[in-house]
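Open the model in your viewer and keep the selection panel at hand. Each stop below gives you something to select, then tells you what is there.

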Amino acid sequence: MTTAIAPVIPRSRGQRLYWTFADGCVIARGNLVHLARNPAAILNLLLYPIVMVLLFGFVFGSAMNVAGGGDYREFLMPGMFGQTMTLGVMTTMIIVANDAARGVTDRFRSMPISRAGVVLGRAVADMVNSVLELAVLLLCGLAVGWSWHRGLANALTALGLLLLLRFALIWVGIYLGLILTPESAGAAWMPLMPLTMLANTFVSPELMPGWMGALSEWNPLSATVAACRELFGNPGWGGDSWAAEHALPLAIGWPVLLTLVFLPLSARRYRRLDR
Amino acid sequence: MDSFAVVAEGVRKRFGATQALDGFDLTVPEGTVCGLLGPNGAGKTTAVRVLTTLLRADAGRALVAGFDVADRPAEVRYRIGLAGQNPAVDEILTGRENLEMWGRLYHLDRATARRRAGELLDRFGLAGDADKRVKHYSGGMRRRLDLAAAFVLAPRVLFLDEPTTGLDPRNRNEVWQAVRDLATAGSTVLMTTQYLFEADQLAHQIAVIDAGRVIADGSPDRLKSMIGGDQIDLVVRDAADLAEAARVLAAAAGAEPVADPDARRLIAPVRDRIGALTEVVGELGERGVAVEDVALRRPTLDEVFLSLTGGKPAPGAGKQAAGKQGAGKQGAGKQADGEQSDGEQADGKRVAA
C-alpha cells in the first residue's frame, strides 16, 4: 500500500464553495441511486398518485361538490399536487432521522465534508424526487380529464409554487429529522395526513363548519393550492376571506417564512449535535 | 507531542444528570493499538466521540494527530477514520460504490477514489463481493467495509467503537485480522471494547475506563499481573475433600486458593498455567480426590473491573492479592455496585446513542 492518497484540502473561499457543491452532488447521487434501486419506492411513486386520484376523483368525487360549481376532478388535482408536496416532508424527515440513527451522520461529521454540502445533497435529492412525483401526478391528472386553461406560463408558475413549498418543507424535514427517532419520524404521517386535508385540498373550506373553514383557509398548503387553481384556471379558487383573495402572495410568503424559520433552526440543530 | 497520536487531559462531558466523562486522561503513542476497556455506560463511546470531533467537551483538552479537537476540528478530520458501533455503510450501494462515494467525500478525485476503492476491497478481503449490494453482505463483511471506509485516507489515527459487537467468532476474527493489518501498516488504533480477551488479542496498551475516567492503564501483561492473570477453577465431587484439594492447589499455584464450600469450588491464580494445571490434576489423582470439574480460565471483565474498582467480587470469583493492590492504587472509597458490572445501564445507552 504505497499509493499516495492526497485529499484536496480546500483553503480558499472559492475552493470551499466548489467542494460544497461537489460534496452535495456526491451525496445527492447516492440518494438517487437508492430511489432507482428500490422497487418499493418506485412502485410507491407510481401507485400512490394513481390510487389517490382514482379514490378521490371517482369514489369520493361522486359525492363531492365544489363551492361555486365546476368539475370535481378539475378541482381535485391542484389539491393532490399540494398534498403530495407536503407529504414529501416525510421523506426528508425519515431519511435524516435514519442517517442519524445509523451513524451515517456521525461519519459525515467526522469527515472533512462541508456541512452545507451534506444538506445540499439532501435538498437536491429530495427536489428531484418531488419533480418525479409531480410529473407522475400530472400525467394521472391529464388522464382523468384535468388540464390547465390559462396558458403554459401560468401552469409552469403553478408548478414552481408547488416546488417552492416542497423546498421550504425540506428545512422543516431536516429539523424534525434531527430531533425525532426514525420510529417517531415514521409515525409523523398520523398528524400530518389530517393537516393536509384540513385545507382546501379536497373540499372547499366554504363547505366546512365555520371555525374549521377559517383554519383551512389559513393553512399554508391552502395558499399554494388556491394559487395553483387560479394559475391553472381550475374551479374552486377565490372566496370571501382575505387568505383566499391573496392566495398568490401567500403561496410565496408562507414557504419563504417557513424557510426563514426552519433553515436557521435546522442549521443550528446540526451544529449543536456536538453538545 | 509528536510521538503521541492521542492525548487527552482532564476531559469532562456531562449529559443532563450523567457525568459521562469525569476527568478522562489518556495518551496513545503513535503506531500502537490502544484498547479502551470498560462496561456499558463507562464513557467509552463518549470519549471516542470527543476525540473524533463529534462532541464538544465541557472541560479539558484533547489532541489528535497533533491538533486540538476543539480548536482545529477540520485538521483533525483529515487525519482520522471512525468506525462507529453500527456500520455506517450504505446498504443499497455495492461495496465498491460505497468506497468510491466515501473517497469522493474525502475529496479524492474520481480516478484516485476509484483506485483507492479497489485497493481497499483487496486489502479487506472484499474483492470477490465488491459489486454486490451491501445488504447481501454478512455482518463481518459489513464491518470490514466500514473499516475500509474509515481507512480511505490511510488516516494516522483510527477510532473503532466496539468493532466486533454482535459478530460471531468467525466474523470477529476477520475484523481482528483487519485491525492487526492496519496497525502493522503504521496506523494508530484506538478501539473500545467490553471484552478483556479482545483487548488482550489486539492491543499494545489497555486503558480500563469506569465512570468517565481511566482507572488503569498499561500493557496487557502489566494489567493482567495487576489483576492476577489466569486462574485454576476446581470443583471437587465430595465436600469432605475440599481441605486436601486446597492444599494441593496451594502448592501447585503458589498462592492460597479461595474456597466456595457451597459450590465445592476452589479458585487460585496461577502463573505457569499448564504446569500448575498438570500438577494439580496429577496430584489429586494420586491422592484419590474425585474431581468434578477443573478449568483454566482468565478473569472475566467483571472480575477485572471489580478488582480494579475495589468492589466486592462476583460470587465464586477469586479475590486476589494482586487485585487488591490494583484497588489500592486507586485509593479507597470507590465502590462498584452490581449495576455497574451488569453493564446495561440506561445512561450508557443514552450516551451511546
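Which residues does B:Val64 touch, not counting residues up to four places away in sequence? Select B:Val64 and look around it: the answer is B:Val6, B:Leu51, B:Val69, B:Val76, B:Ile80 and B:Val157. Remember as you go that this is a predicted model.

**Stop 1: the cores**

Keep B:Val64 and add B:Leu51. These two touch the most other members of the largest nonpolar core, which has 149 residues. Now move to B:Leu234, B:Val236, B:Ala268 and B:Ala276. They are among the 15 residues of a second, separate core. As background, nonpolar side chains in soluble globular proteins tend to be buried together.

**Stop 2: the sheet of four strands**

Stay in chain B and select S2, S1, S4 and S5. They form an open sheet of 4 strands in the order S2-S1-S4-S5, with antiparallel pairing. Which strands stand at its edges? They are S2 (18-29) and S5 (67-68) of chain B. Each has a single partner strand, so one side of each is left without a neighbour in the sheet.

Zoom in on one pair. S4(B), residues 59-64, and S5(B) are joined in the antiparallel sense over 2 bridges. To see the register, pick B:Leu63; opposite this residue, in S5(B), stands B:Asp68.

**Stop 3: S11 and its partners**

Next, select strand S11 of chain B, residues 231-236. S11(B) pairs with S13(B) in the antiparallel sense over 5 bridges. Label B:Asp233 here: its bridge partner in S13(B) is B:Ile267. S11(B) also pairs with S14(B), residues 291-297, again antiparallel, over 6 bridges. For that pair, label B:Gln231 and its bridge partner in S14(B), B:Arg297.

**Stop 4: two residues with positive phi**

Most residues other than glycine have a negative phi. Here are two to check against that.

Select B:Thr53. Its phi is near 70°, a positive value in a residue other than glycine. B:Thr53 lies in the loop between H1 (44-51) and S4 of chain B. Is B:Thr53 buried or exposed? B:Thr53 has 24 C-beta neighbours inside 10 Å, so it counts as buried.

Then select B:Arg264. This residue is not a glycine either, yet has a positive phi of about 55°. Look for B:Arg264 in the loop between S12 (258-260) and S13 (265-269) of chain B. With 19 C-beta neighbours inside 10 Å, B:Arg264 counts as partly exposed. The cut-off for buried is 20 or more.

**Stop 5: B:Gly35**

Go to strand S3 of chain B, residues 33-37, and pick B:Gly35. B:Gly35 is buried, with 26 other C-beta atoms within 10 Å. Show its contacts, leaving out residues up to four places away in sequence: B:Met191, B:Thr193, B:Ala199, B:Leu202, B:Ala203 and B:Ile206. Now draw a distance from B:Gly35 to B:Ala251. The two are 216 residues apart along the chain, and their C-alpha atoms are separated by 35 Å.

**Stop 6: helix H5 of chain B**

Select residues 139-150 of chain B. This is helix H5(B), with 12 residues. From first C-alpha to last, H5(B) reaches 17 Å, close to the 16 Å expected at 1.5 Å a residue.

Why is H5(B) described as largely enclosed by the rest of the structure? Because 11 of its 12 residues are buried. Charged residues are on the buried list too, including B:Arg142, B:Arg143, B:Arg144 and B:Asp146. The buried residues of H5(B) pack against S6 (80-83), H3 (95-105), H4 (110-123), S7 (157-161) and H6 (169-184) of chain B.

**Stop 7: chain A**

Switch to chain A and colour by secondary structure. You should find 12 helices and 0 strands. The C-alpha atoms fill a box of roughly 75 × 40 × 35 Å along the principal axes. The radius of gyration of chain A is 20 Å; a compact globule of 275 residues would have one near 19 Å, so the two agree. Of the 275 residues, 45% count as buried. Among contacts in chain A between residues at least 6 apart in sequence, 82% join residues at least 24 apart.

**Last stop: where the chains meet**

Show both chains. Here 26 residues of chain A are in contact with 30 residues of chain B. On the chain A side, H1 (13-37) and H4 (104-110) each supply at least two residues. H1(A) gives the largest share, 7 residues. By class, that side has 12 nonpolar, 6 polar and 8 charged residues.

Key:
Residues numbered from 1 in each chain as written. Chains lettered and ligands numbered in written order. Predicted model: local features only at pLDDT ≥ 70, side-chain atom pairs only at ≥ 80, totals over all residues. Contact = placed C-beta atoms within 7 Å. Expected span 1.5 Å × (residues − 1). Core = buried A, V, L, I, M, F, W, Y, C linked by C-beta atoms within 7 Å. Rg over C-alpha atoms; globule rule 2.2 N^0.38 Å. Pairing = 2+ DSSP bridges.
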